[in-house]
Structure formats: C-alpha cells, structure tokens
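Trainee: I would like to learn how to read a protein model step by step. Could you take me through one, giving the general idea before each case?

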Amino acid sequence: MTATLDSSTVAQYLSEHPQFFQEHAGLLGEVKLSSPLTGRTISLQERQMEVMRDKYKALELRMSDLSRLAEENAGIANRFHGWTQDLLQAQAPAERPRALVDGLLQHFAVPFATLRLWDVAPEHADAWFAQGVSDDARMFANGLLAPYCGGNHDFEAVRWLGAAEAVTSTAILPLRAPGGKAFGLLVLGAPDAQRFSADMATDFLVHIGATASTALAPLRA
C-alpha cells in the first residue's frame, strides 16, 4: 500500500534535496500551477518568475520609501542647521528668545511659535518671554519627559501663541538643564491637525529642545 505524502513532507524533502530539479529538469516544464495574478495555468518556471518579479517590485517600493525618508531627513537636517546658525548669531542672551522663535517660523515654516521661561535673572524679569506663566504650566513642563505632539486640548501654553482658536495640533517642548527641572516651554502650533500628530517621530524635536535649552540657559537666575 502506497503511503500518502502530505505537502509539508514534500516541501521538506525538496528543501533537503536541492538537486532534485537538476536531476529531473523536465518536471520544471511539466508541473502546472494556477497563477494568482492572471488565473491561467502556468509552468513552475513561469510561477518562479512571477514570484521573483513580485519580490523585485516590493524591493523597489521599499527602496523608494527609504529614499524618500532620506530626502525628508536631509531636508530637516538642513533646516535645523540654518536655524542653529541664526541662533548663534544672536550673541546677547536677551536676543536669543526672539531669534530662536523667528528661526523656527522661517526655517521650519511653523505657522505659530513662542516660548516662555521662568526663574530668569532679575534683568530679564520684565521681558516678553518671562510673562504670564502659571504654577500649573510649570508643573506641566516638569512632567514632560519628551515633547508632546497632538491635538490642542486647551493648553495654557498654546494660549501664549495668541491664536489658540486657530491651533488644531501642537508640539510642546520642555526646556531644561541636563538632569534638572524645566525652566521653560517652547510651543509650536498649526491649524493642520496632522502637522503635529501623536504618532509622529520626535527625534528632531528632542534635538530642537536640547539646543534651545542650551541657548537659553544663560537667561536663568
């Protein structure tokens, strides 16, 4: 009585004997399969070519995605470089908050941007960037371990933008000394709900926050 072979046994045999189709080359043309692409019956060789073409197309799409991401990251890096150059040109510490915000508006095409600092040196206590920060806002900043990206849930910090009713999405970055408490918040806003979405990558925002924190640290008391 002939034993019935299941498909897994046949597959295992073929994987363990790669020379099988070399020894039985005629089978490559005799074995007929149904093509999932055209529905017609094709040979094993033709089906193998279809599989290879599918893999090649998938690889092309993957390479295209990687190329697009690389271009986007290069563009962001160039904008970040231009922003830091503008920031470095503001030699007086009191000029840096305005240079920082204006640079973000210019280089990153952010519709709205502002910042607030607290515990600043006495000579900066009356400056625009040290006004109107509540204790709740300070607590919120201290609780931010990473930039917040997402919808505007009537945040106090978003109201600092002066156009809170137009802001649908926002990015809020804590400004802090290394290992210390937050001493400020950098706020970005946009009317586009997808500009700062909850699932967006925050790597560059982290770098922006760290650079801004270093640049503004001399304003602290």
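**Strands, core and charged pairs**

Mentor: Let us begin with strand pairing, keeping in mind that this is a predicted model. Strand S4, residues 148–151, is joined to S5 by four bridges, and the two strands run antiparallel. To see one such link, look at Tyr148, whose bridge partner in S5 is Ile172.

Trainee: How many bridges pair S5 with S6, and in which sense do the two strands run?

Mentor: S5 and S6 pair over eight bridges, in the antiparallel sense. One of the links to follow is that of Thr170, which has Gly189 in S6 as its bridge partner. The two strands form a hairpin, with five residues between them, and in the turn Gly179 has a positive phi of about 75°.

Trainee: Is S5 mostly covered or mostly open?

Mentor: S5 is mostly covered, since seven of its eight residues are buried, a word used here for a relative accessible area under 20%.

Trainee: Where do these strands fit in the whole protein?

Mentor: The protein has eight helices and six strands, and along the sequence they follow the pattern α-α-α-β-β-α-α-β-α-β-α-β-β-α. Of its 221 residues, 34% count as buried. Among contacts with a separation of 6 or more, 54% are between residues 24 or more positions apart.

Trainee: What should I look for when I search for a core?

Mentor: The general idea is that, in soluble globular proteins, nonpolar side chains tend to be buried together. In this model the largest nonpolar core has 30 residues, and the members that touch the most others are Trp83, Leu100, Leu117, Leu186 and Ile208. At least two residues of this core come from each of helix H4 (44–89), helix H5 (96–107), strand S3 (112–117), strand S5 (169–176), strand S6 (182–190) and helix H8 (203–216). H8 supplies the largest share, five residues.

Trainee: Which residues does Leu100 contact, once its neighbours within four places in sequence are left aside?

Mentor: Leu100 is then in contact with Trp83, Leu87, Leu115, Leu186, Ala212 and Leu216. Apart from this core lies another, of 16 residues, which includes Val133, Ala137, Tyr148 and Val187.

Trainee: Can we study a single loop residue in the same way?

Mentor: Take Pro147, which is placed in the loop between helix H6 (135–143) and S4. Pro147 has a relative accessible area of 15%, and because the cut-off for buried is under 20%, it counts as buried. When residues up to four places away in sequence are not counted, Pro147 touches Ile172, Leu173, Pro174, Leu205 and Val206. The pair Pro147 and Val206 shows how sequence and space can be read side by side: they are 59 residues apart in sequence, and their C-alpha atoms are 6.7 Å apart in space.

Trainee: Which nonpolar residues form a patch on the surface?

Mentor: Leu59, Met63, Leu66 and Leu69 form such a patch, and together they have about 360 Å² of accessible area. Of these, Met63 lies in helix H4. For the protein as a whole, the accessible surface comes to about 13600 Å², and 56% of that belongs to carbon and sulfur atoms.

Trainee: How should I read charged side chains?

Mentor: The general idea is that side chains of opposite charge can pair when their charged atoms come close. Here the count comes to five salt bridges. One of them joins the side chains of Arg68 and Asp65, at 4.0 Å from N to O, and another joins Glu72 and Arg68, at 3.2 Å from N to O.

Trainee: Why are Arg68 and Asp65 separated by about one helical turn?

Mentor: The reason is that Arg68 and Asp65 are three residues apart in helix H4. Glu72 and Arg68 are likewise separated by about one helical turn, because they are four residues apart in helix H4. As for accessibility, Arg68 counts as partly exposed at 41%, Asp65 at 35% and Glu72 at 40%.

Trainee: What about a pair that links distant parts of the chain?

Mentor: The side chains of Arg138 and Asp119 meet in a salt bridge, at 3.6 Å from N to O. Arg138 is in helix H6, whereas Asp119 is in the loop between S3 and H6, 19 residues apart. Arg138 counts as partly exposed, with 27% relative accessibility. Finally, Asp65, Arg68 and Glu72 are joined into one network by salt bridges that share partners.

Notes
Residues are numbered from 1 along each chain as its sequence is written. This is a predicted model: local features need pLDDT of at least 70, side-chain atom pairs count only at pLDDT 80 or more; totals for chains, interfaces and linings use all residues. Side-chain values use heavy atoms; hydrogens and water are left out. A nonpolar core is a set of buried Ala, Val, Leu, Ile, Met, Phe, Trp, Tyr and Cys residues joined through side-chain atoms within 4.5 Å. Buried means under 20% relative accessible area, exposed over 50%, partly exposed in between (1.4 Å probe, protein chains only). Contact means heavy atoms within 4.5 Å. Accessible areas come from the Shrake-Rupley method with a 1.4 Å probe; for residues, only the protein chains shown count as cover. Patches are made of residues with over 30% relative accessible area and no salt bridge: like charges are joined within 9 Å, nonpolar side chains (Val, Leu, Ile, Met, Phe, Trp, Tyr) within 5 Å. Two strands pair if DSSP finds at least two bridges between them.
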